[in-house]
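Trainee: Could we go through this structure together? I would like to begin with its overall form.
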Amino acid sequence: MSSPTSTGAVIEVRGLSKRFGSIEAVRGLDFSVVPGRVTGFLGPNGAGKTTTLRMLLGLVTPTAGTATIFGRRYAELADPVRHVGAVLEATSFHPARRARQHLKMMTLASGIAESRIDEVLGLVGLADSAQRRVGGFSLGMRQRLELAGALLGDPDVLILDEPSNGLDPQGIAWLREFLRHLAAQGRTILVSSHLLAEMAQTVDDVVIVSGGQLRAQGPLATLSAQAHSSMRIRTPEVPRLLGVLAAAGFPARQSATDTVMADGATPEALGPVLAANQIVLYELAHEGTDLESMFLSLTGPVAGAPGGGQVPPPTPVPQRPLGPPPGYAAPPPPPQGPVPPGPVPQ
Amino acid sequence: MIRVIRAELLKLRTTPGPWVVVGVTVLLTALGIITAFLVSFGNHVHFVAPVAEHRLRRLVGSGYTGEGVWMAAIIGVLCITGEYRHKVITTSLLLTPRRPELLVAKAVASVVWGIALGVVSLLFVGALGIPLLVSQGGSVSALFGQAGAVIPGLLGAFALLALFGLGFGTLIKNQVAGVLAILGIAFLIEPIITGLLPQVGRWLPSDAASAVAGGIARGNQTSYLLSWWLGVLVLAAWGIVPTVLGYFTTFRRDVT
């Protein structure tokens, strides 16, 4: 798949910026989202994801730039909820209102047929709770009701902000399947998360932000390929190999008596170095470095910055195709614990 | 626009606040009905059927004279502040992103509820006031004779005070503060100003409402009030100006 471009994109964000007082929440963000795919909008907490989605939905006014859906600002869409469904937070209900009344209010305001109410309640598994007051709902049930509201208008575009918050593992698995199903119908799905691991099985494309700026965007497969560029080298000459790799500028470490890991290296880059130094090889192979460390290295440097952007971020990489970011040559060692769920082609 | 108004009406009737307001309106109307029967002679207060025209008008307008009319303003406050209290504003703006449209729908819904409260007060006059009148030997036909003169002004005051409440709610945003502000203006600030400077006080919401309602609560001391049509304009301005100000200061803001 080619990376999303302005042609065919349903959601377009161009030069989008938002300043809250002294805090620059979003800075010159550019990305686009194409239909028929699930796009993960990823970044650590405070990266500006929620602010960006709210600008896209007309709830927050951008300081600069544009965020459009089908080429229009949200407020310019006729009957927006028929085109765009949004799941923002599981708190925007009056606790005294019954689930059905909440959805009835939505159908009244948008002119959507009332028959859709029972359909969407069934879709999200809340049919039995239709007459219950939302105040008694668990967080997961509220999240499902929020999703039901988003689906009322049978929208072509679905925008979800951290939708798995409050869902139990079954709920998350269900949501994942559901989003895949909707994308397969040709809809445009943009879903934010601060956890890549949670999204890795769901998304086709990623837009990664940190400190209010774009870090990378493109198909997840491209990111995965780059994430898996660590090499495992088995050799009887571990000390000499480590010296050679260090001299050649490859970060490396010993992982077993006869094994060295070279992170961020490729066979094409290593081969000539090993040959030139006449290293005896037992094995040279890809090792599945997880996506998560790739993600952390992309977003890490400013992840903890107070105010989400007062610390100058590393060299910005707007509109750049996925590739190792600055500093990627020396990522933290991959975790030795359980491998996060994610495509790990060997 | 009709759709958005219908959604706003549904929002009001699916939360408990407005129904509490209906209950309080009925209680205050009962108070108005009872005071319409009270006449003091010297040190004694007597419970007698009203006969004089202005006392019959008081009975018809018990929803106004018992101060139940201020409940219309409370409805206006609830209509807008309920959005912020439970973040329903997020859903509302996703449904109706053009914010002036949403605010106008809220104004219409508030006015509809205000008029409905006025109607409730009239129905309660029928349910409690007429039996009392009959039991005290009063004339129901004499009461009906005054109804036509009272009802338009009464409903007008209910409608416009609802708009006044919406305006203050839009400015203040906070539900409790909005309700207290309305009650403070009606029962504390304005009586003091009117007591000291009636020529200033008559331009304030309560006396403007009194002018709209034909001075039914003021007995024969109505000469300082504005004419009814000026009262309508002034009271409408007390609703529209804060609503427009509130639109620019709070309602247009980012919803985060």
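Mentor: We begin with a definition: the radius of gyration is taken over C-alpha atoms, and the globule rule is 2.2 Å times the number of residues to the power 0.38. Please note that this is a predicted model, in which local features need pLDDT of at least 70, side-chain atom pairs count only at pLDDT 80 or more, and totals for chains, interfaces and linings use all residues. Residues are numbered from 1 along each chain as its sequence is written, chains are lettered from A and ligands numbered from 1 in the order in which they are written, and side-chain values use heavy atoms, with hydrogens and water left out.

Trainee: What radius of gyration does chain B have?
Mentor: Chain B has 19 Å, which agrees with a compact globule, because 256 residues would then give a value near 18 Å. Along the principal axes, its C-alpha atoms fill a box of roughly 60 × 40 × 30 Å.

Trainee: And how many helices and strands does chain B have?
Mentor: Chain B has 12 helices and two strands. Both are DSSP runs numbered from the N terminus: helices are H or I with at least four residues, strands are E with at least two.

Trainee: What about aromatic pairs?
Mentor: Over all chains, the structure holds 10 aromatic pairs. Rings of Phe, Tyr and Trp (its six-membered ring) pair if their centres lie within 6.5 Å; planes under 30 degrees apart count as stacked, over 60 as edge-to-face and the rest as tilted. One of the pairs is W19(B) with W113(B), edge-to-face at 5.5 Å centre to centre, with 70° between the planes. W19(B) is in helix 2 of chain B and W113(B) in helix 7 of chain B, 94 residues apart.

Trainee: Is W113(B) buried or exposed?
Mentor: W113(B) counts as buried because its relative accessibility is 10%. Buried means under 20% relative accessible area, exposed over 50%, and partly exposed in between (1.4 Å probe, protein chains only). W19(B), at 47%, counts as partly exposed.

Trainee: Which other pair should I look at?
Mentor: F164(B) and W238(B) are also edge-to-face, at 6.2 Å centre to centre and 80° between the planes. F164(B) lies in helix 8 and W238(B) in helix 12 of chain B, so this pair ties together parts 74 residues apart in sequence. F164(B) counts as buried, at 0% relative accessibility.

Trainee: Which residues do ring pairs link into a cluster?
Mentor: The cluster consists of W70(B), F164(B), F168(B), F187(B) and W238(B).
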